[in-house]
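Please look over the sequence and the model shown here before reading the report. The text is written for a reader who is new to this structure.

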Amino acid sequence: MKGYYIGMDGGGTGTTILVSSGGRDLCRIEAEGLNYNSFGQAGVTKTLEHVAAALKEKGFEPACCLGVGIGCAGVSNPAAKTLINEKMLEFGYTCPVFVFGDQRAAMYGALEREDGILLIAGTGSICLGQAGGGKEEYCAGGFGHLIDDEGSAYALGRDILSAVVRAEDGREEKTVLKDAVYEKLGISSIPEIIEYVYARERVKGEIASLAMLLGDPEIRKDAAAVRIMEKAAGELSRLVLTVLAKMQNQGREKGVPLVLHGSVLKRNERIREELLKALEENCKKKARRAGSRMPALPIWIADAKKDAVHGAVGLAEAMRA
């Protein structure tokens, strides 16, 4: 097969690979994660080996590839880009290989070059904005799970565990989250929670997986669960409003579309509703202060044009041109 591009969307837990030719999807593959900070050199190498072998098995020879766009978490670490480029060359990809953050791939897929804002709340969280055909870029959040990533699945999982231990020692009321956590982790005591969380091999995706507990109808009624979801929505709204303010400060007075991306915003209806409520209320307050000269909500929810892996392919084509 000649004349094809490869796009990779490597999130916090897994990677999607797309082979495309002339705007036509040819093949899609799922693999393990590419985040160097989470999986390390051995993990990233194993994933790339898997991808290279799978592509070759399907008849996509490296020599025929025109370009590769790899969007993955953790590329702010210089060692990540170096390793990925070295391995792709080792596997025979002598074409241009572009490595960039997974948020950039998601942004290009969602908006291409149109003005707008993208809010990502998956394993991690970040908000991006662009204007001027993609030449002006804005950002808030995205500093990693140890010091940031509020509103993300990781933050939800962490707050769930925190609520359980705080209820245990009496700082907060009892919560049904305790039994739910015990069942999911296969444990039966607080010491086992501590052992689980601080195990050397624990990766953030495992903590993030606890966020799915908030999807249970009974758990959603729990006071602690409600507080956790409201906190997440508030933090996510701050990300959006910060980016919107930066865009408006640069003279962008017109409204812009907001695309919601990531597992938290797709799966948790309560967080999504609270987020939109917070955004609308904030914009109404600004409108009142401005004497109603501003629209009540200078943003509106829009669907992504394409997904992140298509964005990675599109960036590979655009950067190679």
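The report below takes up the overall form, the two sheets and one pocket.

## Overall form

This is a predicted model. The protein contains eleven helices and ten strands. Its C-alpha trace spans about 60 × 55 × 30 Å along the principal axes.

A compact globule of 321 residues would have a radius of gyration near 20 Å, and the 21 Å of the protein agrees with this.

## The sheet of strands 1 to 5

Five strands make up an open sheet in the order 3-2-1-4-5, and their pairing is mixed. The edges are taken by strand 3 (24-32) and strand 5 (97-100); each has a single partner strand, so one side of each is left without a neighbour in the sheet. From one strand to the next, the twist averages 15°.

Within this sheet, strand 2 (residues 14-21) pairs with strand 3 in the antiparallel sense over eight bridges. In strand 3, E30 is the residue that T16 stands opposite. Helix 1 (residues 36-57) lies across strand 1 (4-10), strand 2 and strand 3. The direction of helix 1 is at about 145° to strand 3.

## The sheet of strands 6 to 10

Another five strands form an open sheet, here in the order 8-7-6-9-10, again with mixed pairing. Strand 8 and strand 10 (299-301) stand at its edges; since each has a single partner strand, one side of each is left without a neighbour in the sheet. The twist in this sheet averages 20° from one strand to the next.

Six bridges join strand 7 and strand 8, which pair in the antiparallel sense. C127 stands opposite A140, a residue of strand 8.

## Helices across the second sheet

Helix 3 lies across strand 6 (116-121), strand 7 and strand 9 (256-261). Its direction is at about 130° to strand 6.

Helix 8 (residues 223-249) lies across strand 6, strand 7, strand 8, strand 9 and strand 10. Relative to strand 7, helix 8 runs at about 20°.

## The second largest pocket

Rolling a probe the size of a water molecule over the atoms shows where empty space is left. The second largest pocket has a volume of about 380 Å³. It is lined by 18 residues, of which R104, M107, Q130, G134 and E137 are the closest to its centre. Two or more lining residues come from each of helix 3 (102-111), strand 7 (125-131), strand 8 (136-141) and helix 11 (308-320).

Which element gives the largest share of the lining of this pocket? That element is helix 3, with four residues. By class, the lining of the second largest pocket consists of eight nonpolar, five polar and five charged residues. Three elements of the second sheet region thus recur here: helix 3, strand 7 and strand 8 each give two or more residues to the lining.

Technical notes
Residues are numbered from 1 along each chain as its sequence is written. This is a predicted model: local features need pLDDT of at least 70, side-chain atom pairs count only at pLDDT 80 or more; totals for chains, interfaces and linings use all residues. Side-chain values use heavy atoms; hydrogens and water are left out. On a 1 Å grid over the protein atoms alone, a cavity is a set of points where a 1.4 Å probe fits but cannot get out, and a pocket is an open set with protein on both sides within 12 Å along at least five of seven lines; lining residues have an atom within 4 Å of a point. Grid points are joined across faces, edges and corners, and a volume is the space filled by probe spheres set on the points. Ala, Val, Leu, Ile, Met, Phe, Trp, Tyr, Cys and Pro count as nonpolar, Asp, Glu, Lys and Arg as charged, and the others, Gly among them, as polar. Two strands pair if DSSP finds at least two bridges between them. Axes are lines fitted to C-alpha atoms, for helices over the stretch in contact, and angles run from 0 to 180 degrees between N-to-C directions. Contact means heavy atoms within 4.5 Å. The radius of gyration is taken over C-alpha atoms; the globule rule is 2.2 Å times the number of residues to the power 0.38.
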